[in-house]
Amino acid sequence: MTGVLVALATTTAIAQDAPRAAKRAYQVPSPNGAREDAYYWLRDDTRKDPRMLAYLKAENDYADAVLKPLQPLEKRLYDETLSHIKQDDTSVPYRDNGYWYQTKFATGADYPTVVRRRGTQAAPEQMLFDQPAMAKGRSFFQIADWAVSPDNRLVAWAQDDVGRRQNVLKVKDIATGRMLPDTVANIEGDLAWGADGRTILYIEKDPTTLLSKRVKAHVLGTPAAADALVYEEKDDTYYLALATTADDRYVCVISHSTVSVEQRCAPAATPTRMTVLAPRTRDHLYNADHIGDRWIIRTNRGAAKNYKLATVADARAARGPAAWRDLVPASATTFIENFQPFAGFIAVEQRSDGNKRLRLLTDAGKWVPVPADEPAFTMELATNEEADTPWVRYTYTSLVTPPTTIEVDARTGERRTLKVAPVPGYDRAAYTTERVWAPARDGTRVPVSLVYRKGTPRDGTAPLFQYAYGSYGSSSDPAFQAGLLPLLDRGLVYAIAHVRGGQEMGRQWYDDGHLLKKKNSFTDFVDVTRHLVARKYAAPGRVAAMGGSAGGLLMGGVANIAPQDYAVIVSQVPFVDVVTTMLDASIPLTTGEYDEWGNPAQKQYYDYMLSYSPYDNLAAKAYPAMYVGTGLWDSQVQYYEPAKYVARLRELKTDTNPLVFRINMEAGHGGKSGRYERYKQAAEWQAFVLQQLKVGG
């Protein structure tokens, strides 16, 4: 270890001296000039370099020492969260192909069982997955997807035992539990059965870039090496996905990039004979589903920026988009996000005024609204596996309303509540949610969802915890979180800043927050903070900020442009080394994201990305206290990005605020698996945040 780290021999020493990574000269090549990166050596794609591992261990040891005094508070936070979790909970059963399916958690179990009953909900249970037993002895366990064969005899699933999303296909006989010998490694988490009950479509990943590359058909009882190639994606800017249509008649392969989609489908009876619905064209985004004798298509074709719905009969589908006719026109104020066709109507998820809501369109052209009673809420389609029903299930939630499963009759508008997620010890009347609009520096109004406990002072003394994501058009919808209650009960105001880069306000909201407008996400976040402080929701100097993944990029940008506005920042699996990562096509996700961030091989994008990349813009100045988290096996944001970021931040920062770097050595992008592990991890950074905000335990 000589020359790699400052010696850190004891816990006492670690508590006094933070780890310092060695600096090694390295030039990052680029068509636009080389850049010096003294911490590039922390990248090790094998994850076996003893010098790199020693540094990560030193960081974890240091984190343990810094956070040790907070362990009593951490335990209280964890226990309080757990007190609001109904541990022996069950999901609402749903019907599919003659069986009722249900997920069941037992008290103390990190993972649920999945069971089914034949014919009626009163029939005897049949076990599909005993996940507590399957996960036993594993440091990580996740079933990414599963699908039952059309004849109801077999179940196929994609299993991840590492956290790197390189799944393994497995199949078993449901009645006997006997495992079939069929396995395929390094696949995505998408599966689809052919109608014969013997053919399974899956997506093979590139072993280096982890890009989804080939769709193959595995026939049970045959070697994986003999699997037929159904489709190969030649363009590395596209990802692949699999889907089965609402009426189960077709299986589809979706090739999608940031700015283009191409969907090809085949009858489930002949799942390898694919036909393209609409050839890929730049700036044409669409997705199609099938019901009865027609296709329903969500498309932005024809200047439909916020999307419209179109339809085409089977007999005319081969003619492509020229044969599509409009079903629901595009709107300047309403964004169509998703839809699901049923026999007799279409359920449409749409956004307006920053909220996601649901409407039903009958085949007779009548709109059936689904009402909501709160200023900030989220509605979305629930599990609806059978299309031949007038009832559609959806979930409703807000920052104060636990997830509620409801079904609505498309004929009459009648609603039935099937389940309100139980939250022991929670009194909804004790909390308030609001929607406020914060003015950004360019005059744009940014929606903000707020929640706080009633009685929290509005005199500018309360602490604020502000969260955002703001990338990929992914919206941060207000939803109930039991893990927030311990913070709210200690007087924190919690805010979701719906910054540009998401799609809360439509497609333009996304366009105004990516590529050469990415900095709008950063300034929106800061402007929301300043507005809430000015409106006396929070005290200056008592603001915490949090984001993860691309939201970690947001945190890095905010820390560089407005460090004085925040007492503490939590940055989970942060994408912080933007230019270096986007210059390297061998890194997972890079090639597929040129239209999200830009291609730094082009000088215009290189210069702009370099101007905001958090790693490249660290400077000798004071920064807030920080908690940075990553996973060694992260496939989305490689561990070495936050590792390098922390190393350089330790070198440059002039403050004495604590900087904690927590590395999950047995996890990937989503952290450790298991529901209790999630709460344990959250309790650690929550305790750190409360300490920095000077909130009593």
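**From the whole fold to strand S12**

Of the 697 residues of the protein, which is shown here as a predicted model, 60% count as buried. The radius of gyration is 25 Å, which agrees with the value near 26 Å that a compact globule with 697 residues would have, and the C-alpha atoms fill a box of roughly 70 × 60 × 55 Å along the principal axes. The secondary structure comprises 13 helices and 37 strands, and among contacts between residues at least 6 apart in sequence, 57% join residues at least 24 apart.

At the surface, the accessible area comes to about 27100 Å², with 50% of it belonging to carbon and sulfur atoms. The protein carries 84 positive and 81 negative side chains, and the centres of these two sets lie 2 Å apart.

Within this fold, strand S12, spanning residues 212–219, can be followed in detail. Seven of its eight residues are buried, under 20% relative accessible area, so the strand is largely enclosed by the rest of the structure. On one side of the pairing scheme, S12 runs antiparallel to strand S11 (residues 199–205), to which seven bridges join it; the hairpin of S11 and S12 has six residues between the strands, and in it Leu-210 takes a positive phi near 65°. S12 also pairs in the antiparallel sense with strand S13 (residues 228–232), here over four bridges.

Arg-214 in S12 links the two pairings: Glu-204 stands opposite Arg-214 in the pairing of S11 with S12, while in S13 the bridge partner of Arg-214 is Glu-232.

Notes. Residues are numbered from 1 along each chain as its sequence is written. This is a predicted model: local features need pLDDT of at least 70, side-chain atom pairs count only at pLDDT 80 or more; totals for chains, interfaces and linings use all residues. Side-chain values use heavy atoms; hydrogens and water are left out. Buried means under 20% relative accessible area, exposed over 50%, partly exposed in between (1.4 Å probe, protein chains only). Two strands pair if DSSP finds at least two bridges between them. The radius of gyration is taken over C-alpha atoms; the globule rule is 2.2 Å times the number of residues to the power 0.38. Contact means heavy atoms within 4.5 Å. Accessible areas come from the Shrake-Rupley method with a 1.4 Å probe; for residues, only the protein chains shown count as cover. Lys and Arg count as positive and Asp and Glu as negative; His and the chain ends are not counted. The place of a charge is taken as NZ of Lys, CZ of Arg, CG of Asp or CD of Glu.
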